[in-house]
Amino acid sequence: MKESLGVYDYWAYDQRPKITWPGGAKVAFWVAPNIEYYELDPPQNPSRKPWPHPHPSVPGYSIRDYGNRVGHQRQMALLDKYGVRGSVSLSVALCEHHPEIIQMCKERDWEFFSHGIYNTRYTYGLSEAQERAMIRDSMETIHRHTGQACAGYLAPALSHSERTLDLFAEVGEELFGDKGGIYTCDLFHDDQPTPVSVRSGKRFISMPYSLEMNDTIVYAVNKVEPRQYATMLKRHFDRLYLEGAESGTVMCIPTHNYQVSCPHRIKAFEEALDYITGHPDVWVATGREIADYYLAHYYDAALDSIQAQAATARREG
Amino acid sequence: MASKDMALNDDYLDYPLRRHGYDHDRYEWSMLSERAPVSWPGGKTLAVWINISLQFYPLNQRGEPFKVPNGMTMPYPDLRHFSLRDYGNRVGIYRVLKALAAHNITPTFAINAQLAEQTPYLVQRLKEHGGEFIAHGWNMDHLHYGGQPIEEEAELVKRSVDTLRRVTGQPVRGWLSPAKHQSFNTLDLLAENGIAYCADWVNDDLPYSCETKTGNLTMMPLATEIEDQFVMSQNLHSEDSWVTQVKDAFDFLLEESREQGGRLFALNLHPWLVGQPHRIACLEEVLAHISGHPDVWQAPAGEILDAFHQAAEQA
């Protein structure tokens, strides 16, 4: 085990080249609906139980099923209303189980990125070959069902190995060249995209995805009241918008159709969407669009800035 | 973490049920918004089911296979939780009944069979008030769970249903599992015992059909997320926030039902919680909010089930 992950260098927020998003926008805003499948009777993993109770865990399974049966359409209608194309964090088995949902997202030109096969199959304990095969399966499945070269990754149930980012970048390169495997949502260290070093040397970045604004973390872990979530989202946006005048920031709302779309919660989500998209200098985008723009315009300058900061630190240290 | 020689077997990456629909055969995959619109009696759009859960939490809790939420947490004898739950059946329910009567609500009573058997006066008062009894298992420490011997669970279901039918004199067509927890056999056992609908699966805002070995059962989703115990006891939100959440849910479903077709608003309540003196006014506020709308039809769950089947036949 490592003391530190070691895939990015220290890079102070107050000493970076200025980012300006398309149209002079201050905030690149994206919504990442997680569309997930949890199995009723998944195999056990030695490191993590898929369900807290003996299977079938009806309470947990059925509320997640509510998300796909009921919640997805509610959320999609709101995103349509506010002109947001979702960037779907996809349990790719959804392509087989519920292709009707995939079709609706395709018709709206939403982005699909990999969130593993099922959210009840973890990375823990997989060999490198096994993890590579799982990631490859996920990217091939997305391509087969949507025609998209998968650009992003959020490991299933946020379960990782030390090699996860390396493998995702490598499989993306093998399958799709520089179109695939270019960003990860697994790191929460920044409010701007940042270069991440992978062993193949691929141009690869971390995309701000925000655990703090993730509805499942907010509602199920931190047990926040629905209307308070709207307040949190608006405050989060306000500060990133303010700072975005100095250098462009990224705001993501990661959602789950079984959380944000429940009848007692959807109003809070709409309030935040209405507020955020009502500001003039917001670039409403997808994860891939932000990643592509950053890689084309700021990635190289970022590497130079990081090296310069490190050199200064060495001289002064 | 794991080194190479500790890797999982390759079958961890086998997915035999990765297919269209579900990874089980209990019910069909269907999106609510894609179904033919449902209309309730009188052309109403929102059916309202007010469920009162009456529960017995044994002091000598076994916690098999897990300790039920809201059960005993302290070393034996946990008098505080035992008596606080018992409060609901002695005091809280009578406050709740008054509130229901004030708003002409016909409730559904989900009652542990052991409690029904041991408190004939309570059962008599519930019958006088009016409403439908549904089975709620034996008590809150007799869970239905995966790995439970089927003979044991079969006896538990039969004893619970038979007892409740005997002491209430009602047919008892509905079932709510303690903690909404089931085994893979539960639905089959319910159907075998003449149960027509089950409230455990919270995956829809309308009833839907479910297959069992002996025929069809209907799933009647009793929402967890707006339950008093879920919001106030599990999430530790305030009473005022609970009122807001229930009103927001009701308003949203009422609006959606007007635009897209009939919906079911199902609110589960626990007299040991909402029947406290400082909370009862919150329940009254909720009941006032959901009463008096021209598009709302308030009825016991069994009547909603029958209306749903009639609407389906006419469609």
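## A guided tour of chain A and its contact with chain B

The secondary structure of chain A, with which the tour begins, comes to 10 helices and nine strands, where helices (H or I, at least four residues) and strands (E, at least two) are DSSP runs numbered from the N terminus. This is a predicted model, in which local features need pLDDT of at least 70 and side-chain atom pairs count only at pLDDT 80 or more, while totals for chains, interfaces and linings use all residues. Residues are numbered from 1 along each chain as its sequence is written, and chains are lettered from A and ligands numbered from 1 in the order in which they are written.

**The whole of chain A.** Select chain A, whose C-alpha trace spans about 60 × 45 × 35 Å along its principal axes. For 317 residues a compact globule would have a radius of gyration near 20 Å, and the 19 Å of chain A agrees with that; the radius is taken over C-alpha atoms, and the globule rule is 2.2 Å times the number of residues to the power 0.38. Of the 317 residues in chain A, 53% are buried, a residue being buried if 20 or more other C-beta atoms, placed from the backbone, lie within 10 Å of its own, exposed if 12 or fewer, and partly exposed in between.

**The parallel strands.** Next select residues 87–90 of chain A, which form strand β2. From this strand A:S87 and A:S89 point one way and A:V88 and A:L90 the other, and all are buried. In a regular strand the side chains alternate between the two faces of the sheet. Add strand β1 (residues 27–35) of chain A, which runs parallel to β2(A) and is joined to it by two bridges; two strands pair if DSSP finds at least two bridges between them. Here A:N34 stands opposite A:S89. Then add strand β3 (residues 111–114) of chain A, which pairs with β2(A) in the parallel sense over four bridges, with A:S114 as the bridge partner of A:L90.

**The crossover.** With helix α1 (residues 58–81) of chain A also shown, β1(A), α1(A) and β2(A) can be followed as a right-handed β-α-β unit; right-handed says that, with the strands pointing away from the viewer, the path from the first strand over the helix to the second runs clockwise.

**Two loops of chain A.** In the loop between β1 and α1 of chain A, select A:P56, which a cis peptide bond joins to A:H55, with omega about 0 degrees. The loop between α3 (99–107) and β3 of chain A holds A:D109, whose phi is near 60 degrees, a positive value in a residue other than glycine. A:D109 is exposed, with 9 other C-beta atoms within 10 Å.

**Where the chains meet.** Show both chains: their contact takes 40 residues from chain A and 50 residues from chain B, two residues being in contact if their C-beta atoms, placed from the backbone, lie within 7 Å. On the side of chain A that touches chain B, the largest share, nine residues, comes from α1(A).

**Across to chain B.** Finally, select B:P65 in the loop between β1 (46–54) and α1 (79–102) of chain B, where a cis peptide bond with omega about 0 degrees joins B:E64 and B:P65. In the loop between α6 (228–234) and α7 (239–260) of chain B lies B:L236, which has a positive phi of about 60 degrees although it is not a glycine. B:L236 is exposed, with 10 other C-beta atoms within 10 Å.
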